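Grab your viewer and a cup of coffee, and let's work through a few exercises together. Try each task yourself before you read its solution.

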Amino acid sequence: MATKDEIGGATQTGQAQQVCAEKTALLNAYEEAVAVVSEALTSLRSAMGVLSRDEYDRAYLRTEELRVIARQKHEALMAHAITHRC
Ligand SMILES: [Zn+2]
């Protein structure tokens, strides 16, 4: 977590931007969520022609839910970058 000092103390110029711990955590969470979606898509593809139509539809809906979660993680990352200016 960033401290108040870190938030208000960025007075140096010409240096690399300080790494924001919260932004890093949000980015990691987003990356993990995307990886989960990717895995779900891979197993969905291999399930084509194997599962029944109903089973496939349910697997597809679960994949969609994971995609929504990944989008929420991305929105949280964007929202943090805007409010924290990092
Ligand atoms: Zn930040």
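Below are four exercises, each with a worked solution.

This is a predicted model, where local features need pLDDT of at least 70, side-chain atom pairs count only at pLDDT 80 or more, and totals for chains, interfaces and linings use all residues. Residues are numbered from 1 along each chain as its sequence is written.

**Exercise 1.** Work out how many helices and strands the chain has.

*Solution.* Start with the DSSP runs: helices are H or I runs of at least four residues, strands are E runs of at least two, and both are numbered from the N terminus. On that basis you get 3 helices and 0 strands. Reading from the N terminus, the order is α-α-α.

**Exercise 2.** Check the span of α2 and of α3 against 1.5 Å a residue.

*Solution.* First, the rule: the expected span is 1.5 Å times one less than the number of residues in the helix. Next, take α2: its 27 residues should span 39 Å, and the end C-alpha atoms are indeed 39 Å apart, so the two agree. Then do α3, where 32 residues reach 46 Å from first C-alpha to last, close to the expected 46 Å. Finally, look just past the ends: Gly 49 follows α2 with a positive phi near 80°, and Arg 85, just after α3, has a positive phi of about 50°.

**Exercise 3.** Describe how α2 and α3 pack.

*Solution.* Fit axes as lines to the C-alpha atoms over the stretch in contact, and take angles from 0 to 180 degrees between N-to-C directions. The angle comes out at about 160°, with the axes 9 Å apart. That makes α2 roughly antiparallel to α3, a label that goes to angles over 145 degrees. As for who sits in the contact, it has 21 nonpolar, 3 polar and 5 charged residues. Here Ala, Val, Leu, Ile, Met, Phe, Trp, Tyr, Cys and Pro count as nonpolar, Asp, Glu, Lys and Arg as charged, and the others, Gly among them, as polar.

**Exercise 4.** Is Val 19 buried or exposed?

*Solution.* Count other C-beta atoms, placed from the backbone, within 10 Å: 20 or more means buried, 12 or fewer exposed, and in between partly exposed. Val 19 has 10 such neighbours, so it counts as exposed. Val 19 lies in the loop between α1 (4–8) and α2 (21–47). Now try Ile 69 in α3 (residues 53–84): with 16 neighbours, Ile 69 is partly exposed. Across the chain, buried residues make up 3% of the 86 residues.

Notes: Parallel < 35°, antiparallel > 145°, perpendicular 65-115°, else oblique.
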